[in-house]
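Reader: I am new to this structure. Please pick one part and look at it closely, then show me how the rest is put together.

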Amino acid sequence: MATLKINGTEYTLDVEPEMPLLWALRDELGLTGTKFGCGVASCGACTVQVNGNPVRSCVMPVSAVQGQEITTIEGLAESTLAHYEPGDLNAVQKAWIDHQVPQCGYCQSGMIMAVSSLLTANPNPSDAEIDASINNVCRCGSYPRVRKAIRAIANA
Amino acid sequence: MKISRRRFILSSAVVGGGLAIGYAATRPSGHRIANDTLGEGSARYLTSFLKIDPDNRVTVYVNHSEMGQGSHTALAMMAADELDAAWEQVRIEQAPATDLYAAGDMAIGFAGEFGVPSFLMPLIEASAMKIAQIGNLQTTGGSASIRFTGQLGMRVAGAAAREMLIQCAAVRWGVPADECTTALSYVHHNASGQSLSYGELADAAARLEPPEAPTLKERKQFNIMGKALSRVDIPAKVNGSAFYGLDYKTEDMLFAAIRLAPVFGTKLVSVDATEALERRGVKKVIELEDSVAVVADNYWRAKEALKEVSAEFERSDNDSVSSADIAARFDEELTRSEGSKDFEAGDAEASLTQASEIIEASYRVPYLAHAPMEPMNCTVHIQNGRADVWTSTQDPLAVRGRVASVAGLNERAVTHHPSYLGGGFGRRLPFNWNVIDHATKIAMQFSVPVKTVFSREDDMQQDYYRPAATSNFKAGLDSNGNILAWHNRYTGPIQTPGAAHIPYAVDHQSIRVVDGDTHVPIAAWRSVDHSQQTFFTESFIDELAHRAGTNPFQFRMELLNKHPRHQQVLQVAAEAAGYGRNLPEGRALGIAVQESFGSICAEIAEVSIGSDGKPVVHKVTAAIDCGWVVNPDTAKAQIESGVIFGLTAAMYGEITIKEGRVSQNNFPDYEMVRMATSPEIDVHLIESGASLGGLGEPATPPIAAAVTNAIYILTGQRIRELPLSKHSFRHNSTLAKA
């Protein structure tokens with residue numbers, strides 16, 4: 001049994017302690033916004049936040065995140081906005097629309113989770129700081145727009 | 001057989017009132033046809049529909065997959081503009097294979113009512129495969145959505161519906177149709193001050209016969225086309241709600257992990273699954289001809305259990321084949337065989353003997369994997385003699401046919417449920433069937449939905465690859481540096497005719513292709529043959545420019561005097577990149593240009609060598625002439641995307657064969673350009689007014705040569721083999737990246 005607090009709700013799951021959080025989210029809870037990309041913590045498509053920090057859920061056993069605050073893309077806006085109404089978007093999600101960042105979009109849940117964490121910790125990152133902390137793979141090559149959107153949020 | 005035009009624009013009333021327009025499109029077979037809207041004499045077929053509801057909502061059914069290229073939005077823009085619809089009231093739906101052909105009866109009803117010639121009837125009932133082969137019916141690829149479906153289908157459907165709505169309003173008001181105007185989903189008669197919404201007219205309009213040849217707008221009349229409108233699919237892609245094939249989920253669903261024969265084409269011999277079967281959640285271990293699969297109640301459980309399965313595959317003659325063997329075989333074939341003709345002009349052999357200098361060079365590229373971000377997957381649910389399928393695909397109709405044939409079902413008993421694609425790049429095209437076939441065979445053993453997922457490792461090792469290829473050049477220069485002859489022998493197959501041809505004015509050319517078949521399966525990979533051929537030809541022409549002592553830009557411009565569009569993209573790119581300016585110490589500009597998929601793209605890469613001896617691409621300036629532009633923002637996004645896709649291949653892309661199988665496993669050993677290595681990209685869209693060209697692929701081909709041509713200027717090293725990660729360069733200490 002694992003007790004996980006995800007997007008403010010507690011779930012008790014009958015899963016192996018070593019099951020990666022990604023598969024508990026996707027196959028047990030049906031929270032499919034978090035994506036499977038590589039399974040080896042290389043591409044970042046599975047990025048969620050644990051206590052606000054970006055974590056690659058494909059290699060994070062559920063036993064390691066019990067009792068922690070887990071946020072997925074589905075709960076991101078609610079976790080970051082002081083006054084949240086259903087359908088609201090956080091600043092990163094809005095900037096992603098303003099700058100038309102996603103193409104196929106598959107990597108963008110992870111990208112947005114990673115960028116939201118970065119900007120909470122460092123509201124005005126340098127290009128080098130962006131490069132160092134955002135190493136998610138986007139096969140469509142949205143990187144120039146990711147950078148532009150981050151810059152726009154930082155300068156807002 | 002004489003075919004009346006009107007037979008190909010088909011309309012009908014829809015349930016609940018309203019108008020539906022089925023439109024015709026011409027089989028894409030060249031620029032000429034693209035220009036010749038509804039020209040006589042070509043086969044045509046139903047493709048998709050436009051629907052107007054009584055509440056004035058317009059629904060555009062798009063028969064292409066959205067894989068990030070933005071074509072859902074752009075195609076709907078084309079229909080909506082010709083219709084003079086209010087964009088805010090336009091909805092876009094993916095046209096599922098079933099709506100058109102199985103549940104559709106709609107399509108068949110139309111055919112009966114309007115008398116589609118009998119030779120077209122098979123297209124409506126025939127197998128998906130046949131349709132895909134005949135007409136590219138639902139295939140998304142070849143950078144074709146906008147220039148063919150959009151131009152020949154969407155615009156015609158919109159224009160036809162608009163004329164029918166006007167005709168209806170004119171009759172109702174008793175006024176001449178040419179006094180009526182349309183705007184924002186209304187028909188107006190200004191003289192009498194009357195207006196009716198499209199929704200109010202749709203039901204009556206559906207009873208009219210469609211116009212024989214509706215008039216399309218002039219570009220100056222566009223209200224929607226040409227605007228940088230936001231993509232309709234993006235909001236769902238920022239909050240996790242966008243639905244991809246891998247996201248399909250039911251309570252009773254099972255999951256399959258699979259191990260395929262590591263050496264392509266070999267069969268399974270024996271399996272020991274004793275331990276796997278005892279693991280939690282495991283339902284079954286399935287032996288297929290070339291693979292073994294574990295089915296469990298969670299994908300991770302299936303994957304972990306598969307590790308406990310020992311499987312033996314048969315030995316094969318290919319068990320010892322390596323990439324070096326394949327390269328040697330190519331070399332041997334290029335020496336041994338005269339090959340077959342690709343293009344010949346003049347007498348290249350004789351002209352070489354006149355040359356004052358002969359330059360020879362051999363170029364080589366490896367196999368490449370597609371590696372779309374969404375790993376390959378397919379869910380199949382077979383019950384009560386029918387099948388439901390969820391898979392991200394570039395051709396839903398072909399998937400439907402394939403599942404039907406594997407499962408032994410009638411196509412009408414198979415439904416493909418549409419989804420967004422987490423990347424395609426050619427991997428999700430027809431013929432690349434391994435995922436679909438295995439998922440179907442596995443699901444045939446259950447009555448619940450079974451989702452078969454290729455892990456990233458499976459995806460890397462069981463792809464259909466961009467071919468490895470070798471190209472041997474020989475050119476003769478005269479004493480003034482003019483090219484007398486161009487001689488190229490390369491390994492095939494030819495997947496994209498013309499990719500190895502050059503636009504340069506060289507009178508004597510001999511371009512021939514030799515057999516490049518190996519046991520490694522190949523397929524189309526973004527830009528197909530252009531990806532390797534442009535690296536080859538645009539590098540070699542650069543070699544000749546340097547040998548002739550002319551700067552590579554000027555050299556190309558002079559040899560392109562019969563190709564003003566090529567000259568213009570080069571000129572625009574050169575001006576924007578500041579070609580010829582004094583660059584920072586240790587930087588150089590490399591240039592390349594290629595025509596592909598109806599567009600001409602020039603790229604200039606600004607490159608230096610980093611402290612680790614590896615190239616750093618600081619900036620890419622791209623200029624593309626795609627005729628004219630439907631949505632400038634999605635167009636720019638596709639150029640950025642194409643550049644980065646090609647740059648990833650140039651920098652890192654390599655699938656190596658060792659002991660008959662693929663060595664690479666996952667992203668750590670099949671590296672990608674990421675934020676830190678992504679250049680600034682400056683895109684210039686040129687509207688020459690020529691016929692619409694594609695945008696999804698043409699930016700990929702030039703980048704490799706643009707980068708290596710810059711490296712030559714920086715280091716004097718001519719890179720004739722990709723990827724760049726294999727090479728090390730002399731570092732110039734003034735260059736380190738900040």
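Author: One helix comes up close below, followed by charged pairs, a sheet and the other chain.

The model is predicted: local features need pLDDT of at least 70, side-chain atom pairs count only at pLDDT 80 or more, and totals for chains, interfaces and linings use all residues. Residues are numbered from 1 along each chain as its sequence is written, chains are lettered from A and ligands numbered from 1 in the order in which they are written, and side-chain values use heavy atoms, with hydrogens and water left out.

Start with helix H18 of chain B, residues 564-577. Helices here are DSSP runs of H or I with at least four residues, strands are runs of E with at least two, and both are numbered from the N terminus. H18(B) has 14 residues and reaches 20 Å from its first C-alpha to its last. That is close to the 20 Å expected at 1.5 Å a residue. The expected span is 1.5 Å times one less than the number of residues.

Now find its buried side. Buried means under 20% relative accessible area, exposed means over 50%, and partly exposed lies in between (1.4 Å probe, protein chains only). The buried residues of H18(B) are His566(B), Val569(B), Leu570(B), Ala573(B), Ala574(B) and Ala577(B). They cover an arc of only 130° around the axis, so they sit on the same side of H18(B). The arc is that of the directions from the helix axis to the C-beta atoms. An α-helix has 3.6 residues a turn, so residues three or four places apart point the same way.

What covers that side? The cover of the buried residues of H18(B) includes H17 and strands S23 (588-596), S24 (599-609), S25 (615-625) and S28 (680-686) of chain B. Contact here means heavy atoms within 4.5 Å. The face turned away from the buried side carries the exposed residues Pro564(B) and Glu575(B). After H18(B) comes Gly578(B), with a positive phi near 70°.

H17 of chain B also takes part in a charged pair. Arg556(B) forms a salt bridge with Asp542(B), the closest N and O atoms being 3.0 Å apart. The pair links distant parts of the chain: Asp542(B) is in helix H16 (residues 530-548) and Arg556(B) in helix H17 (residues 552-559), 14 residues apart. A salt bridge is a side-chain nitrogen of Lys or Arg within 4 Å of a carboxyl oxygen of Asp or Glu. Asp542(B) is buried, with a relative accessible area of 1%. Arg556(B) is buried at 0%.

Other salt bridges follow. Glu349(B) pairs with Arg489(B), their closest N and O atoms 3.7 Å apart. Glu349(B) is in helix H12 (residues 348-354) of chain B and Arg489(B) in strand S21 (residues 483-491) of chain B, so the pair ties together parts 140 residues apart in sequence. Glu349(B) is partly exposed at 42% relative accessibility. Arg489(B) is buried at 7%.

Arg402(B) and Asp437(B) meet at 2.7 Å, N to O. Arg402(B) lies in helix H13 (residues 396-407) and Asp437(B) in helix H14 (residues 434-443), both of chain B, 35 residues apart. Arg402(B) is partly exposed at 25%, while Asp437(B) is buried at 12%. Over all chains the count comes to 48 salt bridges. A network of salt bridges links Asp14(A), Glu16(A), Glu28(A), Arg280(B), Asp297(B) and Arg301(B).

Next, a sheet in chain B. It is open, has three strands in the order S6-S7-S8, and pairs them antiparallel. Strands S6 (180-183) and S8 (194-197) stand at the edges with a single partner each, so one side of each has no neighbour in the sheet. The twist averages 25° from one strand to the next. Two strands pair if DSSP finds at least two bridges between them. S6(B) and S7(B) (residues 186-189) pair over four bridges.

Finally, chain A. Its secondary structure comes to six helices and five strands. Of its 156 residues, 58% count as buried. Ala95(A), in helix H3 (residues 91-98), is buried at 5%. Leaving out residues up to four places away in sequence, Ala95(A) touches Val101(A), Ala149(A) and Ile153(A). Ala95(A) and Ile153(A) are 58 residues apart in sequence and 6.9 Å apart in space, C-alpha to C-alpha.

Conventions
Axes fitted to C-alpha atoms, helices over the stretch in contact; angles between N-to-C directions.
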